[in-house]
Every structure is written in C-alpha cells, then in structure tokens.
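Q: Please take a close look at one pair of packed helices and at the core around them. Explain the terms along the way.

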Amino acid sequence: MQKGHVGYNVNFLTAMDVPETDSEDELPPGWEQRCTADGLVFYAEHSSQSTHWYHPRTGKKKKVVGEMPFGWERQITEEGKVFFCDHVNQKTTYTDPRLAFAVEETENIGDLRQRFDSSSTGLQVLHGRDLSGKVAIVTGANSGIGYETARTLAFHGCTVIFACRDISKSESAISKVTKLRPNAKCEAMEIDLSSLESVRTFSHTFALKYNCLHMLILNAGVFGLPYTITNDGLEAIFQINYLSHFYLAHLLQPVLETSAPSRIIFLSSESHRFATLDVTNITKDFLSPSLESYFTSILAYNNSKLCNILSVVEMQRRFGERGICCFAVHPGNVISTGLSRNWWLYRLLFAVVRPYSKSLQQACASVVYCAASQDIANCGGVYVNNCVPCKPSSVAFDNILANKLWNISLGIIEDRLGKRAFNILSL
C-alpha cells in the first residue's frame, strides 16, 4: 500500500496516513477483543484485569456492523446464554462472529484507513457481509465490470436489478449467477440510456414494484463511438455516459431518500483529468455538439467522465443531509471489457495491455466498496480509486462548475420531455 493518498469531500481536502500493512490491527499479547450486546467493541487486558474502548495499538474505536455474517444466526439457550450458529459449516461458537469484521468508527474522511488496494477483489471487500434485504440497481450489468459488480452483490444476499438495454443478455447473465447461487435474487429490467423516455419508464416501473433502493450503481457506458445523435437529438457519449444516469439518479432520489442510508455510485475514469470542460465554456452545445466538426470522440468521453464527478459533488451537497451518500469511482485502466468494441485500434490496445491490467473482479472492488462498505459510510462526495479516496483534477472540485452543469442538465431534460419529465408517478 502507498502512503500519502489525498482524500476530499465537498468542503475540504485532507491527507490520509495509510499504514504500510494491517499488522497494527493485531492485538498485543495478553489482550482480547470482545463486544457489547449493542455492537461496541472493547478490549480486555488480562494482566491488569482492565478493559478499554480504544484499540491498544491504533488508538481507534471499533464497532461491529448490525447484520450477522452470511450464513450465521444468533441463538439463545434455555439458560439464556447467547451462542452463534454457522449454518454453512455446521459449527457453533460463543464468540460473536461479527468481531472478525469489526470496522473503525469514521466520522469523516480523516479517520479512514485503507484496508484494500488495487489487488483486492469485490468478493474480498464484501467478505462476511450479509446484504439480505438490500436492493441495488446496476446499469449495464449484463457484462464486464457491471456483471461482476452485480454478481458480487447478489452472492451476498442483495436483490440486484440488472438494468440493461438488451433483456435477453440480462437474463443470460442472471442465469450464470443463479447457476452458481440458486438462491440469488436478481431481476432483469429494460433501460435504454440513449432514450430519456426509456429512463423515465424504467424509473416509473421500478418505483411501482419496489418500495426501497439502497444502492444505485451507474455503471453502463460507451467509448470510442463515432459522432452519433440519439433520438433525443443529443450526442450519444454525453447522453449515455452522463445525462441519462444523472436523470435516473434524479428520478430515483425520493426512493433512495426513503431507504436511507443509501448510496449513488457514478463510474468515472482517470481520463477525466484530460477533459476540456470548465466554467468558461460550459454550454449545452459544448456538452452535446450539434455539428460533427465540433466533436472529438476521446474528448467527449473524457468530458462525460468529468461530468460524473461533478454530479457526485453537487448531489452530495444537495442530497447528503437526506441520508444519500454519493461517490465517483475509477475502476481501473484499460480493463478487458466490451468498452473497446467500437474501433479496432482500441481493441488492439486493450488486448496488448490485458496481462498488466486489473481483472474484472479487481475492477469492481472500488465500486462494491463505495456501494456497501461500512468504512466509507460517512464519507460521501469523494472520488475513489483502488478503494481509497483520491484527489481528482482541480476542475472536478469546482462547485460553481458543478452547479452550472446541474442546471444545464435539468434544462436539457425538461426541454426534451417537458414538465412531465420529473413526474414518474404516471406515464
């Protein structure tokens, strides 16, 4: 692990001191970790017969998460003694298994320590977690990073909506999940991100069927497209990578709020650092060029990824106090997905670097970390790379630009759909 990562939230920047290893979590000889009935961890020192609330090495408090690890159940004997059953391995113990997954209390990003890195996988991030009762939407979940994200969440008990344009591919992806986990709760629902009307219909259908949403993972995207205009009259990369996801998050905000604590995750990219968008040029025509002569595919992609971070900053400011945490995630560089399918040169480049890039499971780790980790629950409004908040480009932190983008985006949507754009109760 590296030292000196810089984390930030909407209001400030702060340096994170990341330990070289997790060895400082180990208790000194003669110490024992225990927890109270309400989940607060304390430490018993046998030599002095004393107890302490703070870890003897890190000096930090810990707590256990509310749910039992997957496959475990808390039971009580006739004499009133509590014990724990591991139904997977057919074992019992008097030690609360949640102690193995206790997390440090983090009030702000300055308290956060890195426990995962670029080699971590999504399954490792969720090890021992039970997400039963949680509901997640993953756009583009039929393949690539979206599939691995959805699969990882489903394996841990989460109900996952595979939100994709092609229902048959979604159902095929779900069949692969249920083949490995027959009890996995997955559903395919159609959404076409090149159509704002489709986004609205999806949101209406979801709101009627589900009364809660805990994780909205905005994963789908395109790369390397030639100049293409959607049926809404917008440039395709801008609409698919950013605007439709922004619209989806806006429509589902009431459901996320009633389900709080909940989270919104926009997939971004390190390529946002090469965007050309700033406060001096942001207009509807700059975001979505009406003429091909003003369009460059790679710049459109970079700008769309910057827009995703700017939306996280603004959504955190507007939704954070309502119990919704927002995150932007860089999954990794040149991951072997279908993203490069639109040009042979990109396919060649992706193939050449494949041995040196992350696996799909490693690529989804930061996404899963932001969606479900207890560590980062109080640290919304950040850009995450390798499971740690990092400093984005300076323009990504521009609150004025974020607010301008917000207003322009709402204006474009209302211009296309009219006043009904933001009413999903009726079609």
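A: What follows deals with one helix pair and the core to which one of its members contributes.

This is a predicted model, in which local features need pLDDT of at least 70 and side-chain atom pairs count only at pLDDT 80 or more, while totals for chains, interfaces and linings use all residues. Residues are numbered from 1 along each chain as its sequence is written, and side-chain values use heavy atoms, with hydrogens and water left out.

The axes of helix 5 and helix 7 (residues 297–319) come within 7 Å and cross at roughly 15°. Helices are DSSP runs of H or I with at least four residues, numbered from the N terminus. Axes are lines fitted to C-alpha atoms over the stretch in contact, and angles run from 0 to 180 degrees between N-to-C directions. Helix 5 and helix 7 are therefore roughly parallel, a term for angles under 35 degrees.

On the helix 5 side, the contact (heavy atoms within 4.5 Å) includes Tyr 242, Phe 246 and Ala 249. On the helix 7 side, Tyr 301, Met 315 and Phe 319 are among the residues involved.

Helix 5 (residues 236–258) also gives the most to the largest nonpolar core, with 14 residues. That core has 64 residues, and Phe 206, Leu 216 and Ile 264 have the most contacts inside it. A nonpolar core is a set of buried Ala, Val, Leu, Ile, Met, Phe, Trp, Tyr and Cys residues joined through side-chain atoms within 4.5 Å; buried means under 20% relative accessible area, with a 1.4 Å probe and protein chains only. Leaving out residues up to four places away in sequence, Ile 264 touches Ala 249, Met 315 and Phe 319, among others.

Notes
Buried < 20%, exposed > 50% of the residue type's maximum accessible area, 1.4 Å probe, protein only. Helix = DSSP H or I, 4+ residues; strand = E, 2+ residues; numbered from the N terminus. Parallel < 35°, antiparallel > 145°, perpendicular 65-115°, else oblique.
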